[in-house]
Structure formats: C-alpha cells, structure tokens
Amino acid sequence: MINRTLDFAKQHAPNSVRVAVRRAQLEAHNARMRLTVPVVARCEYDNIYHCTVHKTGSQWVKALFSDPTVYRHSGLLPYDPRFYKGQLNDIPPGRAALAVFRSYKRFQAISKSDNHRAFFVIRDPRDIVVSSYFSLRNSHAPMGDILQARKILQEQSMKEGLLYTINRLSERNLFKSLRSWAAAKPSEKFRLFRYEALTGERQLDEVDQLMRHCGIALPPSELTNLLDRYSFSRMRKEQENSGRISHYRKGKAGDWRNHFDDEIYEAFTAATGNLVEILGYPARDRATDA
C-alpha cells in the first residue's frame, strides 16, 4: 500500500513533491542495502559516473546499478543527482552517480575525486528521435512541460510529431551532447558504450565489460541472473501488470527506418549534420537491421 501511494505521488504530484518522494525512496533503499546486504568486494574507485542522454536505456542502467547484487560486489550505492538539486560536485565516496545528463565539457567541470571512472552510453540518434516521440506522446511521467508536449503530439500526425520531436531535441542540445562525448579525448577514466551492444545478442559480454570498467567483477551466474531480472520484456510486463503504461517500448536498433521518410530525414540531417557518422552508425543508404 505504501509503495502504491509513493508511486502515485511520483506520477501525479507537483515536481517538487515528486522529487522529495523519490529522494526519500532512494535514501530508504540505500539504508536497506547497508543493513541487509553484506559487501563481499569493494570497488577500487571512489565514484562511478553514468553519463548519457535521454532515451538510451538510462532507467535500465540505473536499475542494474541499484540492485543488491551490484552492491554486494562493489559497495557502491546509487546516487541520482536529480533528487539532490542536480548536485554532482564532490559527491560522497562509494556512490554511483546515475543518469548524469551533461555534455562532456560540463562533466569535466564537475569537482570530483581523481579516483573515479565514468562511462557514456550512446545510441543511434535516429532511434533516439523515435523513442522520444513515443515516450513524449504516450508514457513519460507528467513532469515539466511533458503534458504540453503530449497534447501537441496527440493532435498531430506521426510525421508532424517526429518533426516536432527533432526540433525539441535539438533545442535541448541533446545532439550537441552526443557530439561532445563522441569527440572527447580518449582516457582510461571513461569509456563509450553503445546502447545497441548493451542490449543486443552479446549483452552478457558487453555488460561484463562495462562493470569491469567500473571496477566491479560479477560472477557469471550472478550477472546472468541480474540481466534476466531487468530484461526489457520483463520490466515492460511488470509495468503493464501494475496498470501503468510501460516506459519500455521496443528498444530495437534501426526502428527509425519504419518511421522516417525523406522529409523527416532531411529535417534530422539539418539538425544533426554528420552526427550519425561521427558516432559510427551506418549512413541511411547503408543501414541494415542489427
């Protein structure tokens, strides 16, 4: 009953109340972990930073790093800066800062321990557009101006909606943020990971590499069970069974080809330039199913 009440507050209360509720939930979660989960191995790094843009599986990554299995093998507790007024300077040691939505330059400006690791999750920006469209139109929690955007999209054709979404993402510098990380000087402290690889056929190996980059070594059987618990299909089913619209749609690479026509692609190119090529994704005439 308490969880349902908190979940209702998260979805329907004013933003300030929702943030306070989610911060309380996070702190309660961390307190339970400290009391009930024995740590068998400590991460060698003070902090981990999960950097990304929207619609790159950020909630899924957050779920992985908030699981007791990861805590047991790292001693790292989840830290969501959105619930602490965006505070990222000198966060306490032993925290994994999850879903850091900042450009590379802004991330570099954060005051942090030298003993840290960071990773940035990229995704084909064309698929980000499509995923953003469906999220804004159907499933995203009603925060900020989401309801206004939803009303606009529900009154438009899908083509008009995709054009609106491209413009919205461009105005909010999502494409610029992707470009900044793609152009960042390589460093042992951070790595780029592809959403498509983390969720694809070689998921076990890719997520193992991500965890090891973060100083976390999970036994193969525990990693397999972890990924099974947070498979997109299972998370989508759990949300639907609880009566909510699922936030987890297809997640399939290349879905943009089902929705982009020439005019939409022209608008996308005007907004992003050569971003697709810089990120290493195939150009339109060479794109094949993943």
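**Exercise 1. Two helices in contact**

In this predicted model, Gln203, Leu204, Val207, Asp208 and Met211 of helix 11 touch Leu223, Thr224, Leu226 and Leu227 of helix 12. Work out what classes of residue make up the contact of helix 11 with helix 12, and how the two helices are oriented to each other.

*Solution.*

Step 1. Sort the residues on both sides by class: the contact of helix 11 with helix 12 divides into six nonpolar, two polar and one charged.

Step 2. Turn to the geometry. Two packed helices are described by the angle between their axes and the distance between the axes.

Step 3. Helix 11 covers residues 203-213 and helix 12 covers residues 220-229; their axes come within 11 Å and cross at roughly 110 degrees.

Step 4. Angles of 65 to 115 degrees count as roughly perpendicular, so helix 11 and helix 12 are roughly perpendicular to each other.

**Exercise 2. Another helix pair**

Now do the same for helix 6 and helix 8: at roughly what angle do their axes cross, and which residues make the contact?

*Solution.*

Step 1. Helix 6 spans residues 125-139, and its axis comes within 9 Å of the axis of helix 8, with a crossing angle of roughly 110 degrees.

Step 2. Helix 6 and helix 8 are therefore roughly perpendicular to each other.

Step 3. List who touches whom. Helix 6 brings Ile128, Val129, Val130, Ser132, Tyr133, Phe134 and Leu136, while helix 8 brings Met158, Gly161, Leu162, Thr165, Ile166, Arg168 and Leu169.

Step 4. Sort them by class: the contact of helix 6 with helix 8 has 10 nonpolar, three polar and one charged residues.

**Exercise 3. Salt bridges around Lys159**

Find out which parts of the chain the salt bridge between Lys159 and Asp261 links, then look at the bridge between Glu263 and Lys159.

*Solution.*

Step 1. Start with Lys159 and Asp261: their side chains meet in a salt bridge at 3.1 Å, N to O.

Step 2. Place both ends. Lys159 sits in helix 8 (residues 158-171), and Asp261 lies in the loop between helix 13 (232-241) and helix 14 (262-272), so the pair links distant parts of the chain, 102 residues apart.

Step 3. Move on to Glu263, which forms a salt bridge with Lys159, the closest N and O atoms being 2.7 Å apart. This pair also links distant parts of the chain: Glu263 is in helix 14 and Lys159 in helix 8, 104 residues apart.

Step 4. Check exposure. Lys159 is partly exposed at 31% relative accessibility, Asp261 is partly exposed at 28%, and Glu263 is partly exposed at 43%.

**Exercise 4. A pair inside, and the full tally**

Are Asp124 and Arg126 buried or exposed, and how many salt bridges does the structure hold?

*Solution.*

Step 1. Asp124 and Arg126 form a salt bridge, with their closest N and O atoms 2.7 Å apart.

Step 2. The cut-off for buried is under 20% relative accessible area. Asp124 has 5%, so Asp124 is buried; Arg126 has 0%, so Arg126 is buried too.

Step 3. For the tally, the structure holds 13 salt bridges. Lys62, Asp80 and Arg82 are linked in a network of salt bridges.

**Exercise 5. Positive phi values**

Take Lys55 and Ala99: what is the phi of Lys55, what is the phi of Ala99, and where does each residue sit?

*Solution.*

Step 1. Recall the background: most residues other than glycine have a negative phi.

Step 2. Lys55 is not a glycine, yet its phi is positive, about 70 degrees. Lys55 lies in the loop between strand 1 (47-52) and helix 3 (58-65), and counts as buried at 16% relative accessibility.

Step 3. Ala99 is not a glycine either, and its phi is about 60 degrees, also positive. Ala99 belongs to strand 3 (residues 95-100) and is buried at 2% relative accessibility.

**Exercise 6. Zooming out**

Describe the chain as a whole, then locate Ser231 and say how far apart Ser231 and Trp60 are in space.

*Solution.*

Step 1. Count the elements: the chain has 15 helices and five strands.

Step 2. Of the 290 residues in the chain, 47% are buried. The accessible surface comes to about 14,700 Å², and carbon and sulfur atoms account for 51% of that surface.

Step 3. Among contacts between residues at least 6 apart in sequence, 72% join residues at least 24 apart.

Step 4. Ser231 is in the loop between helix 12 and helix 13 and is partly exposed at 22% relative accessibility. Ser231 and Trp60 are 171 residues apart in sequence, but 8.5 Å apart in space, C-alpha to C-alpha.

Technical notes: Residues are numbered from 1 along each chain as its sequence is written. This is a predicted model: local features need pLDDT of at least 70, side-chain atom pairs count only at pLDDT 80 or more; totals for chains, interfaces and linings use all residues. Side-chain values use heavy atoms; hydrogens and water are left out. A salt bridge is a side-chain nitrogen of Lys or Arg within 4 Å of a carboxyl oxygen of Asp or Glu. Buried means under 20% relative accessible area, exposed over 50%, partly exposed in between (1.4 Å probe, protein chains only). Helices (H or I, at least four residues) and strands (E, at least two) are DSSP runs, numbered from the N terminus. Contact means heavy atoms within 4.5 Å. Accessible areas come from the Shrake-Rupley method with a 1.4 Å probe; for residues, only the protein chains shown count as cover. Axes are lines fitted to C-alpha atoms, for helices over the stretch in contact, and angles run from 0 to 180 degrees between N-to-C directions. Angles under 35 degrees count as roughly parallel, over 145 as roughly antiparallel, 65 to 115 as roughly perpendicular and the rest as oblique. Ala, Val, Leu, Ile, Met, Phe, Trp, Tyr, Cys and Pro count as nonpolar, Asp, Glu, Lys and Arg as charged, and the others, Gly among them, as polar.
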